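Subject: Structure handover

Hi,

Here is the structure I promised to pass on to you. My notes on what turned up follow underneath.

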Amino acid sequence: MPDVKVSNLNKIFGDNVVLDNVDFTIKDGEFFTLLGPSGCGKSTTLNCIAGLEQPSSGAISVGDTTFVDTDKKLFVPPEGRNLGMVFQSYALWPHKTIADNLAMPLQIRKVDKTEQRRLIDEALDKVGLLHLRERYPHQMSGGQQQRVALARALVYSPSVLLLDEPLSNLDAKLREQARAWLKRLQEDLGITTVYVTHDQDEALALSDRIAVMSNGYMIQVGTPTEIYETPATAEVAAFVGRCNFLEATVTDVTSTGAALKLEANGQQMTVDTPEKVTVGDHVTVAVRPEKLAVLPADDTAMPGTNVISAEVLTTSYLGSRFEYDLKVGDHVVQVVNDRGGLAGAVNLTVDPDACLIFPQADVLSEDAQALLTVAP
Amino acid sequence: MPDVKVSNLNKIFGDNVVLDNVDFTIKDGEFFTLLGPSGCGKSTTLNCIAGLEQPSSGAISVGDTTFVDTDKKLFVPPEGRNLGMVFQSYALWPHKTIADNLAMPLQIRKVDKTEQRRLIDEALDKVGLLHLRERYPHQMSGGQQQRVALARALVYSPSVLLLDEPLSNLDAKLREQARAWLKRLQEDLGITTVYVTHDQDEALALSDRIAVMSNGYMIQVGTPTEIYETPATAEVAAFVGRCNFLEATVTDVTSTGAALKLEANGQQMTVDTPEKVTVGDHVTVAVRPEKLAVLPADDTAMPGTNVISAEVLTTSYLGSRFEYDLKVGDHVVQVVNDRGGLAGAVNLTVDPDACLIFPQADVLSEDAQALLTVAP
Amino acid sequence: MLLFWAVIIFLAVLVLAPVVPTLYQSLLDRPLYEAGGTLSLDNYVKLFTEAGFGQVALNTVLFAVMTTVLTLVIAVPMAVVVVRTKIPGGRFFAAAMQWPFFISSLILGFGWIAMYGPAGFVSVKVQQVLGFVPWNLYSIPGMALTEAVALAPIAYTFCAGALRQSDASLESAAQVCGAGPLRILFQVILPMLRPPIVYSSILVISMSIETLSVPLLYGQPVNIQVFSTFLFRNGLQSINPDYGVLGAASTIILAVTVGLVFIQAKLLKDAQRFVSVRGKATRPRRLDLGWLKWVSVAAISIYVVMGALVPIVGLIFRSFTFIFTPLQSPLQSLTMANYQRIFNYAAYIQSIKNSLIVAGLGAVLVSLVALLAVMVARRSTFRYRRVAEYLALAPQAMPGIIVGIGLFWAFAYAPFGLGSFIQGTLWALIIGFGLRALPSGFGSLAPSVMQIGQELDNAARVSGADWIKAFTMILAKLITPAFLGALVLTFVTMLKEYSPAVFLGSADTNIIGTTMLELWVQGNTGSVAALATIQIAITAAFVGLAGLLLKGHNRDA
Amino acid sequence: ACGSADGPEPGATNVVKTGEAPAYYPADYADVIAASKAEGGELTIYSNTDQENWDPIFRDFKKKYPWVTKISANNLDSDEVFQKVLSEQATSGSPADVLVSNAAQAWADFAERPDTLLEYTSPEVQKLPKVATLMPNVYAMSTDPMSIVYNASLMKDKPTGLKSLADIVSKDPNTYKGKITTRDVNGAFGFTVSHAFTEARPDSWTSLEKILPLGKAETSSGTQLEKITAGEYLAGFFVSAAPAYPKVEQSGGLLGITFLDDGTVVLPRGIGIAAKAPHTATAKLFTDFVLSEEGQRAVAEGGLTSYREGIEATDGRHTYQELVKKVGEDNVINVEYTKVPEDEVKAFTTRWDGLLGR
Ligand SMILES: Nc1ncnc2c1ncn2[C@@H]1O[C@H](COP(=O)(O)OP(=O)(O)OP(=O)(O)O)[C@@H](O)[C@H]1O
Ligand SMILES: Nc1ncnc2c1ncn2[C@@H]1O[C@H](COP(=O)(O)OP(=O)(O)OP(=O)(O)O)[C@@H](O)[C@H]1O
Ligand SMILES: [Mg+2]
Ligand SMILES: [Mg+2]
């Protein structure tokens with residue numbers, strides 16, 4: 001299986017720049033995910049690879065074959081690329097049986113009848129639906145349809161598999177199971193896969209590498225751990241996993257990091273960070289909810305951790321854990337804890353090295369900000 | 001604020017029994033949630049309370065007022081019930097501004113102009129949207145529209161607030177924040193609230209009490225902890241939170257529980273349970289993913305815990321934790337652990353009192369079952 | 001790409017063919033066929049100063065406005081009642097509301113005169129009871145009412161479609177807030193119907209401007225002239241027809257109708273405010289009107305019975321009698337002679353055959369052209385795809401008579417003598433009628449094509465099919481039901497059509513509509529009724545057949 | 001065919017001599033017949049005449065010259081016959097062979113133009129009355145009288161002419177208000193007939209002044225007849241007799257018809273051959289046939305009024321002679337094919353419409 005190389009891809013609709021110099025390489029057999037909020041250009045990138053969109057400029061090649069190169073005025077139409085693609089809505093042809101759905105790409109490739117049958121059965125077996133080969137799509141559940149769509153994309157042994165939010169039409173419970181199943185299948189087949197999603201859990205769980213996109217830019221490309229633990233920007237931190245953001249001012253710079261004054265309530269905290277800051281900088285401190293701990297106000301915290309006084313607004317039971325909404329000044333901070341039953345004034349503790357700092361940025365939507373503000 | 005009493009509610013469409021003797025009481029100021037899979041009759045129940053549906057039989061009263069009583073042939077139409085309701089689609093009138101949307105219920109109640117203005121501003125302020133009072137719904141984001149819908153339902157001080165999946169149209173990130181906000185608001189107002197959702201996380205996080213419904217029945221009514229920790233049936237266990245199900249046969253009955261033989265791989269395990277079982281019974285063992293621990297095959301487990309040999313299929317990184325898909329016989333078992341990096345043969349350990357047993361039942365959909373089966 | 005260009009050029013030629021000669025004639029000081037004309041604006045000056053056009057314009061405006069208002073008054077409440085409330089026999093009424101659409105307004109007009117005219121059966125009965133007749137059919141309101149009954153199904157269909165899709169929870173929300181049914185109707189439902197109301201109003205206005213039959217039948221004896229009868233009289237019957245003035249008048253009307261289409265676009269610009277259809281479908285909930293529902297049922301029944309059923313029954317009765325007058329029992333003169341006359345003359349039989357050919361072949365061709373236009377407009381990445389849409393919808397703004405006159409001249413001046421091959425043949429009628437049916441075809445296909453997700457063709461492309469294969473292997477099959485629907489609609493439209501034929505027809509190309517006019521002029525009213533009955537029977541048979549086909553198709557899909 | 005639905009096949013009585021021209025035709029007529037044979041047996045007629053009128057004429061013509069197999073006749077509006085030919089002649093050439101219309105004005109206008117009509121003198125002219133030649137090269141195919149049709153069950157006094165109608169209505173104007181119909185003089189037909197009448201009987205304006213204020217104008221005789229039958233109108237004057245005859249017959253006494261004893265307008269229907277007719281010889285044969293005795297009998301059979309001597313007014317046929325017998329030679333007003341000047345048209349229509357109150 002070949003590498004996929006996307007270079008300097010640009011796409012402009014009218015005067016709307018939808019892709020801005022997107023550039024990445026996907027290694028042979030890799031599960032590569034494009035992650036980003038709605039409208040950031042994920043589908044457009046994928047469609048450029050599939051040939052369903054023509055890039056305004058840039059080049060895409062798979063192995064030694066160049067699919068598109070605007071400099072050389074080269075463009076291979078989708079039907080010439082031998083890719084497999086699964087769409088969000090599955091796009092099964094409703095008037096054909098499952099077997100006929102799978103047969104169509106083979107007919108186009110002039111595979112002979114008996115071979116067709118063999119390939120179709122093999123592909124359906126792979127997705128566990130051999131017994132339903134004569135059904136029509138509308139006679140199947142959503143999960144089954146999704147697997148048929150995958151079988152159709154695999155039946156003609158495409159060189160690369162493209163998936164555009166293939167799980168988003170499944171209900172929440174099934175989605176988790178389908179996710180794990182998809183991961184097993186891809187590992188078995190070893191096919192190079194490009195996956196589009198706006199669901200960060202999906203991206204983290206499935207991918208070998210993730211490209212986080214925003215507004216047509218690629219902000220960060222890395223393994224799931226890199227993306228989650230060391231997000232390149234506050235935006236990535238906000239988008240991948242849950243995160244609390246607190247505004248602060250740098251009051252002192254130490255060898256390992258900085259001392260900060262929180263704007264929400266004026267308290268001090270120290271942060272370990274490789275980031276260069278200078279005194280007086282306004283910064284945003286980002287902390288994941290599970291990195292925060294809540295103690296009753298009278299308990300003493302471990303030395304060396306930051307302690308911030310807060311007040312419990314609400315407690316939510318999540319089954320396995322508890323989620324607290326705490327009030328820090330006029331700000332709501334979310335904490336996930338194993339321990340329930342806290343109320344009233346509490347102390348919030350956090351290790352200095354569990355905090356990330358970023359130049360001050362508005363990373364939350366206006367809506368989210370409104371929901372996270374309370375009367376102080 | 002009054003109690004809501006629903007007694008022996010039945011609803012039959014044609015010969016389809018949609019509600020089957022539903023019976024519950026909601027206490028004053030309580031946040032009561034109807035939880036269940038799609039089509040189980042949640043909306044129908046809520047619509048009966050609102051008066052948008054007429055029950056086939058049964059009675060509903062709020063405080064001392066009877067809204068409907070089929071025995072007495074009493075039916076108060078929705079406009080006579082003074083309830084507040086928020087719909088999944090928000091149902092804001094697209095041709096009216098936000099202020100006009102809120103004004104309509106007040107006009108109907110013949111509130112005078114200046115008082116109207118005061119009430120509208122107060123309600124909009126409560127949801128933080130006072131500055132947008134002259135906008136049209138289509139000029140607002142989904143989250144804002146959802147808050148306007150809530151303001152409209154609250155502006156005339158209804159006796160009970162009815163919410164039909166009000167958060168399901170928001171994107172995943174915003175939904176979490178809106179959920180916490182809604183909880184704070186309801187606690188502040190102390191208004192009796194009936195909430196409909198099919199999202200178990202939402203139900204657990206928000207509710208004082210939850211009623212789990214299935215096929216028109218009410219299977220269990222209880223606090224979130226009761227529902228999560230001691231589900232009444234395997235179905236509830238499957239629907240609320242994630243759960244592994246393993247088939248087993250009872251080989252011995254002990255004072256605290258039973259000894260079982262797993263059908264997946266023939267291994268033995270013991271389970272503490274108050275459930276009465278007899279030797280030879282076929283049962284379903286239910287274990288939550290977070291109650292299972294994974295150890296490298298050569299580590300020794302704590303005495304008294306069950307040890308089941310398994311094999312790692314895939315590891316998924318979830319940011320804060322890791323999820324493993326393990327193969328136990330021909331079965332896939334999901335485990336959530338803090339520890340990553342395990343592979344190959346492992347031991348799965350579980351405390352006897354972390355397992356629940358139920359009479360053998362098919363609780364997973366065909367789809368889910370297919371996804372959780374592998375070649376042994 | 002070549003195909004896209006071909007489609008657009010084809011549409012442009014088709015649409016502009018009748019328009020260009022009309023514009024040219026309006027600036028010419030003599031008929032097009034006379035050599036050596038000079039260009040000037042004199043015709044317009046003459047039109048406004050001399051020809052009594054002021055009164056005609058006023059009448060036309062009155063007629064159009066009244067028709068539109070009456071149409072809406074009939075159609076909108078009925079759509080609300082039928083779609084949104086619980087009434088007994090709702091399904092039946094939903095179908096019955098469409099009936100008047102299947103009858104041409106010429107036939108409806110005859111039927112109405114026979115029933116409600118000054119000496120109509122109903123009028124005479126009322127006269128006997130009351131001593132006077134409280135209405136006057138031969139007036140602008142009378143014309144408008146008949147036309148409104150004929151056009152109401154269009155507005156009904158538009159509004160019902162919108163109501164069917166709209167989110168029922170908008171009404172539920174009002175109800176829970178405390179609003180009663182009437183308040184919901186006026187404050188929630190009606191304001192949101194603005195797009196279908198505006199859209200159908202524009203359509204009704206342009207149709208009532210160009211309709212010829214009812215104004216001719218009712219308005220002529222009492223000298224109420226509207227635009228179409230003005231064109232008819234000055235174009236066909238005048239002592240000395242002035243083609244320049246005719247051209248000028250046509251141009252003005254063309255401008256007015258095109259203007260209306262622009263206004264429509266403007267009125268609905270901020271269309272977001274009326275979007276009531278959201279992603280997740282909600283289950284429709286019907287309001288209970290209480291006692292009001294019986295009033296509604298009565299009103300709808302009156303519309304269906306008095307508006308369509310009684311005139312049709314009268315017409316069928318008429319077709320079996322020699323003379324039909326309240327002065328004598330029709331049973332005295334029962335006869336088959338009216339039908340015999342039609343089947344005795346080859347020319348009349350030929351006209352029925354011609355109608356079937358024109359409507360049948362035409363429906364297929366128009367639907368195909370419409371499909372091509374839809375595919376280019378909605379399914380291609382072609383730069384000028386919007387142009388295809390506008391061109392396909394433009395004939396909506398062209399009165400039938402203008403299409404007739406314009407094409408007549410266009411054929412006469414077509415290059416390479418192409419026109420003479422077409423002129424006077426059935427092809428001329430197919431082109432003329434087809435042009436007028438194109439917007440309906442386009443309108444009925446476009447939504448269905450848009451409903452078919454783009455990803456279905458994308459999936460085919462990615463799995464190796466080119467544009468053509470993707471269409472033939474995937475889309476063609478999926479579009480079939482919609483295509484059948486368009487066939488029915490265009491067939492019915494073209495079978496009813498006759499006004500362009502007044503100019504485009506010849507001895508060999510009589511169609512039912514022109515034969516009816518001829519028989520009427522001869523005074524063979526019985527045979528007119530017989531022919532009308534035959535036309536209704538054909539329509540019913542065709543609609544029924546298509547319904548069966550559609551059902552069969554749905555079953556195996 | 002009108003009114004003949006239940007009688008014996010009347011065509012049987014019209015004996016047509018197949019392939020033989022009458023003896024009095026010139027000797028070289030055989031050349032014309034031969035030329036026609038070479039033309040392929042087709043003929044195209046632009047007319048404002050209905051299929052039913054044409055039917056027996058075509059039938060007998062085809063019987064006489066059996067190689068003529070395809071005759072197509074347009075039924076256009078009276079003016080449109082000429083507009084269409086002119087348009088076609090100006091561009092691609094016209095397929096029209098023979099033109100038939102009763103629009104006197106339009107004929108006059110058309111004939112004035114160069115190269116529109118073929119110069120042809122029919123050998124039948126010598127056997128026909130002088131009125132048969134309407135203009136050079138244009139002959140009368142039929143002469144159709146105008147009549148008064150009234151609803152006999154609603155009108156006690158039977159009108160016999162315009163003056164008698166005026167007397168009847170002025171006795172009881174309330175009953176007759178809006179109940180008299182006439183043809184719209186803004187149309188060619190209405191103008192020609194009404195104008196010819198007032199030209200010939202200038203004193204009739206006094207009667208018209210009594211009748212017209214009660215009247216309404218219609219654009220077709222069909223509408224007039226239907227509405228008189230229904231009782232919407234009580235009477236109509238200048239109603240074309242051709243369509244009226246069968247209606248009156250079928251009505252079982254409900255309708256009455258009369259010619260005007262103070263002047264019956266007769267509108268001749270002109271026939272001429274187009275200058276560039278593709279089938280000139282067949283067109284000549286057709287014109288001569290229509291004027292011949294055999295042809296005139298077919299004309300009468302089709303429901304139009306024949307004017308050649310020797311045609312019996314039986315089997316529902318109507319003739320000019322029958323009319324003359326009823327109203328007298330002096331009271332027949334033949335419409336002349338001349339062009340009325342623009343201002344005279346205007347003056348007339350204004351006066352007429354003024355009386356109608358429109
Ligand atoms: N045909 C088009 N014309 C104009 N703009 C377009 C077109 N297609 C896409 N866009 C714009 O390009 C941007 C990126 O679209 P794209 O479909 O790639 O987003 P996405 O990341 O896949 O979002 P989603 O998660 O909602 O699918 C969007 O802002 C969209 O509005
Ligand atoms: N008007 C109706 N006619 C027939 N069946 C109906 C009608 N309304 C509801 N049902 C049926 O009643 C059942 C319960 O519907 P209900 O809307 O209460 O489900 P729900 O639990 O709210 O589901 P969801 O989560 O999808 O909204 C469904 O099976 C539905 O098909
Ligand atoms: Mg996308
Ligand atoms: Mg619901």
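Contact here means heavy atoms within 4.5 Å. By that criterion, no contact joins chain A and chain D, and their closest C-alpha atoms lie 49 Å apart. Chain B and chain D do not touch either, with nearest C-alpha atoms 49 Å apart. Please keep in mind as you read on that this is a predicted model.

Let me begin with chain A. UniProt, in an unreviewed entry, lists residues 4–240 of chain A as "domain: ABC transporter". Over that stretch, residues 4–240, the chain is 35% helix and 27% strand. The C-alpha atoms at the two ends of the stretch are 25 Å apart.

One residue of chain A that I looked at is Gln220(A), which sits in strand β11 (residues 217–222). Is Gln220(A) buried or exposed? Its relative accessible area is 12%, and the cut-off for buried is under 20%, so Gln220(A) counts as buried. The side chain of Gln220(A) reaches the backbone oxygen of Thr230(A) at 3.2 Å. Thr230(A) also appears among the residues in contact with Gln220(A) once neighbours within four places in sequence are left aside. The others on that list are Ile210(A), Ala211(A), Val212(A), Glu226(A), Ile227(A), Pro231(A), Ala232(A) and Val236(A).

Now to chain B, starting with a pair of helices. The axes of α2 (residues 98–108) and α4 (residues 142–154) of chain B come within 8 Å and cross at roughly 25°. Angles under 35 degrees count as roughly parallel, and α2(B) and α4(B) are therefore roughly parallel to each other. Their crossing is right-handed. On the α2(B) side the contact is made by Ile98(B), Asn101(B), Leu102(B) and Pro105(B), while α4(B) brings in Val148(B), Ala151(B) and Arg152(B).

The other spot in chain B is Val350(B), found in strand β20 (residues 345–350). Val350(B) has a relative accessibility of 2% and so counts as buried. Which residues does Val350(B) touch, not counting those up to four places away in sequence? They are Met269(B), Val287(B), Lys291(B), Leu292(B), Thr305(B), Asn306(B) and Cys355(B). For a sense of distance within the chain, the C-alpha atoms of Val350(B) and Thr197(B) are separated by 32 Å; these two residues are 153 residues apart along the chain.

Happy to talk any of this through whenever suits you.

Best wishes

Terms used:
Residues are numbered from 1 along each chain as its sequence is written. Chains are lettered from A and ligands numbered from 1 in the order in which they are written. This is a predicted model: local features need pLDDT of at least 70, side-chain atom pairs count only at pLDDT 80 or more; totals for chains, interfaces and linings use all residues. Side-chain values use heavy atoms; hydrogens and water are left out. UniProt positions are given in the numbering used here, feature names are shortened, and annotations may be inferred rather than shown by experiment. Helices (H or I, at least four residues) and strands (E, at least two) are DSSP runs, numbered from the N terminus. Buried means under 20% relative accessible area, exposed over 50%, partly exposed in between (1.4 Å probe, protein chains only). A polar contact is a pair of N or O atoms within 3.5 Å; within protein, one must be able to donate a hydrogen and the other to accept it, and residues adjacent in sequence count only if both atoms are side-chain atoms. Axes are lines fitted to C-alpha atoms, for helices over the stretch in contact, and angles run from 0 to 180 degrees between N-to-C directions. Angles under 35 degrees count as roughly parallel, over 145 as roughly antiparallel, 65 to 115 as roughly perpendicular and the rest as oblique. A crossing is left-handed if the near helix is turned anticlockwise from the far one by less than a right angle, and right-handed if clockwise.
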